[in-house]
Amino acid sequence: MNAYDVGLLLLRACLGLTMAAHGYGKIFSGGRLTGTAAWFDSIGMKPGTLHARLAAGCEVGFGIALAVGLLTPVAAAGFVALMVVAAWTVHRSNGFFIVGNGWEYNMVLAVAAISVATLGAGRISIDRLLFGTDQPDGWIGLAIAAGLGAVSGIGQLAIFYRPQATTVS
């Protein structure tokens with residue numbers, strides 16, 4: 001173990017637990033899953049109940065997987081997909097900066113997750129424990145995280161995103 005592995009562990013834990021907390025909040029805070037489902041319907045992700053459950057489950061699952069370094073490129077792809085959908089449906093029209101509810105935060109989470117997948121989970125990870133290595137990493141980890149994540153997020157938007165049409169009078 002060296003500083004590189006500790007740094008990766010800290011980054012994975014910060015990213016993963018942050019994402020898991022967002023999913024936990026969708027399930028147990030505020031309006032719970034029912035309120036989250038109504039919100040998903042209101043932003044155009046139909047059916048809202050399905051997307052509330054998927055988003056919450058994926059945020060918790062991919063978050064914990066990245067935090068512990070389990071199937072790291074796939075967990076990172078989950079981050080990318082979630083952030084593509086969030087950036088497009090909620091934050092896109094608000095500009096870049098998070099202070100205006102823009103898509104800055106979504107981009108940072110997605111790029112950080114891709115970076116972890118590119119570097120590999122490190123020695124302090126379940127990937128290393130199970131597979132004897134933190135492979136795939138490098139270009140393959142990057143391709144899995146960025147490619148699978150982007151295709152999944154864009155596919156979800158293409159299939160399920162149906163925002164309300166606005167009329168101008």
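Let's start at Ser 125, which counts as buried because its relative accessibility is 9%, under the 20% cut-off. You'll find Ser 125 in the loop between H5 and H6. Keep in mind as you look around that this is a predicted model. The side chain of Ser 125 reaches back to the backbone oxygen of Gly 122, at 2.8 Å. Setting aside neighbours within four places in sequence, Ser 125 is also in contact with Arg 12, Val 68 and Gly 69.

Stay in that loop for a moment and look at Arg 123. Arg 123 forms a salt bridge with Asp 5, with the closest N and O atoms 3.1 Å apart. This pair ties together distant parts of the chain: Arg 123 sits in the loop between H5 and helix H6 (126–131), Asp 5 sits in helix H1, and 118 residues separate them. Are the two partners buried or exposed? Arg 123 has 43% relative accessibility, so it counts as partly exposed. Asp 5, on the other hand, has a relative accessible area of 3% and is therefore buried.

The structure holds two salt bridges, so let's visit the other pair. Here the side chains of Glu 59 and Lys 26 meet, again with 3.1 Å from N to O. This pair also links distant parts of the chain, with Glu 59 in helix H3 and Lys 26 in helix H1, 33 residues apart. Both Glu 59 and Lys 26 are buried.

Both bridges have led us to H1, which is worth walking along. At its start, a side-chain oxygen of Asn 2 comes to within 3.0 Å of the backbone nitrogen of Tyr 4. How far apart are the end C-alpha atoms of H1? They are 36 Å apart, which agrees with the 38 Å that the 26 residues of H1 (residues 3–28) should span at 1.5 Å a residue. After the helix comes Gly 30, which has a positive phi, near 50°.

Now for the hidden side of H1. Its buried residues are Asp 5, Leu 8, Arg 12, Leu 15, Gly 16, Met 19, Ala 20, Gly 23 and Lys 26. Many helices show spacings of this kind, and there is a simple background to it: an α-helix has 3.6 residues a turn, so residues three or four places apart point the same way. The cover over the buried residues of H1 includes helix H2 (32–43), helix H3 (48–68), helix H4 (72–91) and helix H5 (104–119).Next, the nonpolar core. The largest one has 19 residues, and Leu 15, Met 19, Leu 66, Phe 79 and Met 83 touch the most other members. H1, H3, H4 and H5 each supply at least two residues of this core. Take Met 19 as a guide: leaving out residues up to four places away in sequence, Met 19 touches Glu 59, Gly 63, Phe 79, Leu 82, Met 83 and Leu 109. Apart from the largest core lies another, made of nine residues, including Ala 52, Ala 55, Val 85 and Tyr 161.

H5 deserves a look of its own. At 1.5 Å a residue, its 16 residues should span 22 Å, and the end C-alpha atoms are indeed 22 Å apart, which agrees. The buried residues of H5 are Asn 106, Leu 109, Ala 110, Ala 112, Ala 113, Ile 114, Val 116 and Ala 117. Covering them, among others, are H1, H3, H4 and helix H7 (138–160). H5 is followed by Gly 120, where phi is again positive, near 95°.

Two glycines round off the tour. Gly 141 belongs to helix H7, and its 0% relative accessibility is why it counts as buried. Gly 141 touches Pro 73, Ala 117, Thr 118 and Pro 136, not counting residues up to four places away in sequence. From Gly 141 to Leu 119 is 7.7 Å, C-alpha to C-alpha, across 22 residues of sequence. Gly 78 is found in helix H4 and, at 5% relative accessibility, counts as buried. Its C-alpha atom is 9.5 Å from that of Ala 146, which lies 68 residues away along the chain.

Finally, what does the UniProt record list as "transmembrane region"? The unreviewed entry gives residues 60–86, 107–126 and 138–161. In this model, residues 60–86 are 89% helix and 0% strand, with end C-alpha atoms 15 Å apart. Residues 107–126 are 70% helix and 0% strand, and their end C-alpha atoms lie 26 Å apart.

Definitions and conventions: Residues are numbered from 1 along each chain as its sequence is written. This is a predicted model: local features need pLDDT of at least 70, side-chain atom pairs count only at pLDDT 80 or more; totals for chains, interfaces and linings use all residues. Side-chain values use heavy atoms; hydrogens and water are left out. Helices (H or I, at least four residues) and strands (E, at least two) are DSSP runs, numbered from the N terminus. The expected span of a helix is 1.5 Å times one less than its number of residues. Buried means under 20% relative accessible area, exposed over 50%, partly exposed in between (1.4 Å probe, protein chains only). Contact means heavy atoms within 4.5 Å. A polar contact is a pair of N or O atoms within 3.5 Å; within protein, one must be able to donate a hydrogen and the other to accept it, and residues adjacent in sequence count only if both atoms are side-chain atoms. A nonpolar core is a set of buried Ala, Val, Leu, Ile, Met, Phe, Trp, Tyr and Cys residues joined through side-chain atoms within 4.5 Å. UniProt positions are given in the numbering used here, feature names are shortened, and annotations may be inferred rather than shown by experiment. A salt bridge is a side-chain nitrogen of Lys or Arg within 4 Å of a carboxyl oxygen of Asp or Glu.
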